[in-house]
Amino acid sequence: MISLPHVDVVNTRVSGDKEPWAVERLQRIHVEPLLAYGERVVLRKVWRYEDLEAGRVQRCSECQGSSVESRLTEIYKDTGDSRCFTCFGTGFEGGFQPLVYVTYMLARSSPDTVIREKSGMQDLERPTVELPAKPRVNEGDLIVRVLEWDETKTIPVVTDRRFIVDDVQRSTIRDALSPASLDQLIVGYTVQLSDLPKDHFWHKVQVI
Ligand SMILES: [Zn+2]
């Protein structure tokens, strides 16, 4: 299997990636506890309808091919065949953006306050976590805990539980002086995760 490109999003500065001073400072304040007390996790970003509209991704060639299904997709937007391994049920080719993000996550809820649900024989956890401002996180994204990293600390060797991003609260500041985009005003995320059931086919999504 060919390894996908991995990027360490917290410790990498993209050239031209300039934030207004106040926003950058607040993002730093938000990210420092994550760096100190958080854990390194892998994030796979799911393709979204806006990516299709922007021409970044095609509809799934496997399950969205026929004209009848295409018409249905127009009606139901981003629905796909829930067992299609080409799009992982997203309806978009590949299902996820090809870059594997390595980021930091800090659990906000203590083990005692984590919501637990019974699903068949399995206890599912719904922890609330903090994530840095970059990359942008959306509902439906996949987060994978990692037990062991390679020596560069960028490529996971042994992975652990997987979670789906359920609900995203953005911590933002208002910058009255500049008409900055919402992206520039985000200083961090508080996110509710849902434990992926053991038999869920998103365990097949590549993270290495
Ligand atoms: Zn598909």
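## Strand pairing and nonpolar cores

In the hairpin formed by β7 and β8, six residues lie between the strands, and Lys 153 among the hairpin residues has a positive phi near 65 degrees. Strands (E, at least two residues) and helices (H or I, at least four) are DSSP runs numbered from the N terminus. This is a predicted model, in which local features need pLDDT of at least 70, side-chain atom pairs count only at pLDDT 80 or more, and totals for chains, interfaces and linings use all residues. Residues are numbered from 1 along each chain as its sequence is written.

Two strands pair if DSSP finds at least two bridges between them. The table lists three antiparallel pairs.

| Strands | Bridges | Opposed residues |
|---|---|---|
| β2 (39-44) and β7 (142-149) | four | Leu 43 and Ile 143 |
| β7 and β8 (156-172) | six | Val 146 and Thr 159 |
| β2 and β3 (100-107) | five | Glu 39 and Met 105 |

A nonpolar core is a set of buried Ala, Val, Leu, Ile, Met, Phe, Trp, Tyr and Cys residues joined through C-beta atoms within 7 Å. A residue is buried if 20 or more other C-beta atoms, placed from the backbone, lie within 10 Å of its own. The largest nonpolar core has 32 residues, of which Val 41, Val 42, Ile 143, Val 144 and Val 191 touch the most other members. Strand β3 supplies its largest share, five residues.

Not counting residues up to four places away in sequence, Val 42 touches residues including Val 100, Tyr 101, Val 144 and Val 207; contact requires C-beta atoms within 7 Å. A second, separate core has six residues, among them Val 23 and Leu 185.

Notes
A residue is buried if 20 or more other C-beta atoms lie within 10 Å of its own, exposed if 12 or fewer, and partly exposed in between; C-beta atoms are placed from the backbone. Two residues are in contact if their C-beta atoms, placed from the backbone, lie within 7 Å.
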